[in-house]
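Reader: I have the sequence and the coordinates open side by side, and I would like to go through them with you step by step. Where should we begin?

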Amino acid sequence: MKKILLAGTIVMTALGIAEAREINVAQSSDIRSNVPGVNRDGNTDSVIFHLVEGLVGYTENGDVKPLLAESVAVSEDGLTYTFKLRDNVKFHNGAALTAEDVVWNWNRYMAEDTKWTCRADFDGSRAVKVTGIEATDVRTLTMKITAPSAVFLGLMARPECGYTGIISPKSIAADGTFIAPIGTGPFKWGEWKRGEYVRLIKFDDYVSPPNDGKPDGMVGSKRPLVDGVKFSAIPDASTVKAGLQSGALDAAEVSADLVAEFKDNAAVQLIMQRNNGKNLLYIQTRDPVLSKPGVRRAMAEALDLDQLVAAVSNGTGAVNPSMVSMDSIYYSDVQKKKITTDLEKAKADLAESGYNGEPITIIANKRGNVPSYPAAVVAQAMMQQVGLNVQIEVLDYATQVDRRRSGKYQVISQSVTPRLDPALMYSFYVGSKDKNASLMWDNPKAIELMESAYKEADQSKRQAIFDQFHELMLEDVPGIFLYDLIDIWGASKKLHGTPVWQSNVRVWEVSLDN
Amino acid sequence: MLKFILSRMLMAVPTIVIVAITVFTLIRLIPGDPAALMLGDLAEPQQVAALRSSLGLDQSIPVQFMIWAGNLFSGDFGKSIVTGEPVLHLVLSRFAISAQIVVLAVFIASLVAVPAGVIAAWKQNSLTDLALVGTATVLLSIPTFWLGLLLLLFFGLKLGWVPVLGYVSVTTDWKAGLIYMALPVATLFIHEMGVLIRMARASTLEVLRLDYITHARAKGLSEQAVLWRHAFKNAFGPTWTMIGLILGNLLGGIAVIETVFSIPGLGRLLVDSIFQRDYPVIQGCLLLVAFAYVLVNLMVDLLYPLFDPRVTAE
């Protein structure tokens, strides 16, 4: 038998496929397109992240700093932004970045035909209205907006917007079709085998923005330390696990139930990193039963958040009852306040609200990378203790999105992807339900506070707004926030560095031993 | 013969039309909006409505169907909502990948299983028969996803003989392609072999009981001649039909195998498209599956006279 195995190994080695050494990262699906900020999802954003850069980028703690820009100056009235570009930036085709390139990109993004995801954020229909952009010299440009905004730069840096990445006009063919992104990022476009993988190649001429030698969100040191990166589309979790164990994969997101197994694994290291995303119970405040604040409050009082979070996250998460991330510069002591577990008070609140055992359904999905279902199960058990008649309805994700968008739900066990500024996070939940049925909370005071947070640029004044907002949320209980999302990744022990940030793959400043 | 082929193709038309109408209607009755999924969390209701309108999803289902059916006649299967790729090219390229695996697996399974089934029938109630039937039953009972994972873990992870993930087309690099195909083909081969052994055994047993076999033996023909010249030819017909059905079924999608081995085949495309509510791709996949099923069974029928002279194409 041993001879057969040995012979097999020799034969297969002889036939073996020579593989170029690059970082091989698993993604749950193929990318949707290679056009920044257009037809995108999280996996697409991760690839684009390595190819393009915007004028500004987020730091680890949610601050916004220059990226392609060397400096950003805001006029006293807050209406004119002057960006001075770094002079050492080159596109992947070797051409130098100029202010005219930025103007061309902005006009392209704002053209209706481009179908940019974030166009509405800058044309005045949502947050900001940009009235003009102008290159004043080869390295300087100005942008004008109609009203002061605290989130203008932050909006531009979002992954969903393709980071408002600046690409060379050569990325577009003469007939207007998009060829491939020729950006300024640390990796350049290589090859896309649809349904299989995307390959990026190290950009040898890349120069990092000013830094202290460490990566810092989208800015900081961004050296490409490997020859390339391959984003492999592997939908099956078991295959991902086998890929990591065999060394075929260098890094991949894994589910929380693999934490115990990978903790002391000889070949695989475990990487756990908190991000700004949220896990919460999203409540329909217009539902006949849940429109009573007492019932919503009783639901929150029934939950032992410490136990729930420990169970659901396999010990990786920490309770955060706020919409503001624990890693944000705005995560103050006020944000830590939560509704404490009190079963007797919950029962009293239910009685006072006239609750008579009407069914309450929590919608959940069973996607492996989010705790939607386990959170619903644990919450159901805890809520039943106080007499809440809670049921769970498991749906596929597409149907869940449909139900949330139409407002036809009572409670959804929901995970929300990271938004680095608290005001942007608020916009996912807060606003008029008459205009947008998917929103969770339409308290006029909350809407007013959110709008103030959009405008106010002063950090201490914003802090006061966020704190007031949190207090109001604890009073009104439009949703129950559980904990910040955790990126749980497995990686080869040959890999050095952290290949994930805010749920995005990030492999600059990541190296691989031979 | 040509008349037979044409009449069979014409008979397939109502089947394809029924499949087209059913798929088109049912997929639109499932909750979930492709426009909302495409635009993501950020989208305002107006943006979703605008995208729905540009995709034609705001029209009534009958109107949408008529537009789609009209385009089909001019060879336009539409474009993927998610990637914008032309559907026909997309599904054909993915189908080619699935077909390589399926055809190879079924071919090898037939080569092994049919003689094994005949031998089991010939040696009925012997230890050989018991072993073959037992093996076939066990193989039949193992779910393919589990078998695939076991093979992956043993040959890929433990022994390191084959890559645990990835795919290389045999047309790009035949050597690498064969290595990457080894485990998915083996998984399908092992599973389908069980079905075919049992089928070949049952039909051979039936033939061996007939009078003309007794007559052949009485004439003094050797057992080998009786078995392969007289019994096998008549017994192979039902097995051949079964091979056709298996081929048709598997060509329709081996999504589980493709997911386990990360193969970008038709089955995985179909499953991904269902999750993303990519209507044109789902429709294209299922139409192709229905067409492949009809075509495979037509070919089975056309080849039937080769094995059973009593049957003619006419």
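Author: Let us begin with strand pairing in chain A, keeping in mind that this is a predicted model. Six bridges join β14(A) to β17(A), the strand of residues 411-416, and these two strands run antiparallel.

Reader: Which residue in β17(A) does K278(A) stand opposite?

Author: The pairing of β14(A) with β17(A) is antiparallel and is made through six bridges. Within β17(A), the residue that stands opposite K278(A) is V416(A).

Reader: Over how many bridges does β14(A) pair with β18(A)?

Author: Strand β14 of chain A covers residues 268-283, and strand β18 of chain A covers residues 479-492. In β18(A), the bridge partner of V268(A) is S492(A). The two strands pair in the antiparallel sense, and the number of bridges is twelve.

Reader: How many residues of domain 2 of chain A are in contact with domain 1 of chain A?

Author: The domain assignment of chain A gives domain 1 as 22-250 + 494-512 and domain 2 as 276-487, and their C-alpha centres lie 31 Å apart. On the side of domain 1 that touches domain 2 there are seven nonpolar, eight polar and one charged residues. The contact joins 16 residues of domain 1 to residues of domain 2 that number 20.

Reader: Turning to chain B, how many helices and strands does its secondary structure come to?

Author: Along its principal axes, the C-alpha trace of chain B spans about 85 × 55 × 35 Å. Its secondary structure comes to zero strands and, for helices, to 13.

Reader: How far apart are the end C-alpha atoms of residues 95-118 of chain B?

Author: The unreviewed UniProt entry places the feature "transmembrane region" at several spans of chain B, including residues 95-118 and 281-300. Over residues 281-300 the chain is 100% helix, with end C-alpha atoms 28 Å apart. Residues 95-118 are likewise 100% helix, and the distance between their end C-alpha atoms is 33 Å.

Reader: Why are α6(A) and α7(B) described as roughly parallel to each other?

Author: The axes of helix α6 of chain A (residues 237-246) and helix α7 of chain B (residues 144-158) come within 11 Å. The contact is made by residues including S238(A) and A242(A) of α6(A), and L149(B) and L152(B) of α7(B), and the contact residues divide into five nonpolar, four polar and no charged. Angles under 35 degrees count as roughly parallel, so the description of α6(A) and α7(B) follows from a crossing angle of roughly 10 degrees.

Methods
Residues are numbered from 1 along each chain as its sequence is written. Chains are lettered from A and ligands numbered from 1 in the order in which they are written. This is a predicted model: local features need pLDDT of at least 70, side-chain atom pairs count only at pLDDT 80 or more; totals for chains, interfaces and linings use all residues. Axes are lines fitted to C-alpha atoms, for helices over the stretch in contact, and angles run from 0 to 180 degrees between N-to-C directions. Helices (H or I, at least four residues) and strands (E, at least two) are DSSP runs, numbered from the N terminus. Angles under 35 degrees count as roughly parallel, over 145 as roughly antiparallel, 65 to 115 as roughly perpendicular and the rest as oblique. Two residues are in contact if their C-beta atoms, placed from the backbone, lie within 7 Å. Ala, Val, Leu, Ile, Met, Phe, Trp, Tyr, Cys and Pro count as nonpolar, Asp, Glu, Lys and Arg as charged, and the others, Gly among them, as polar. UniProt positions are given in the numbering used here, feature names are shortened, and annotations may be inferred rather than shown by experiment. Domain bounds come from an automatic or database domain assignment. Two strands pair if DSSP finds at least two bridges between them.
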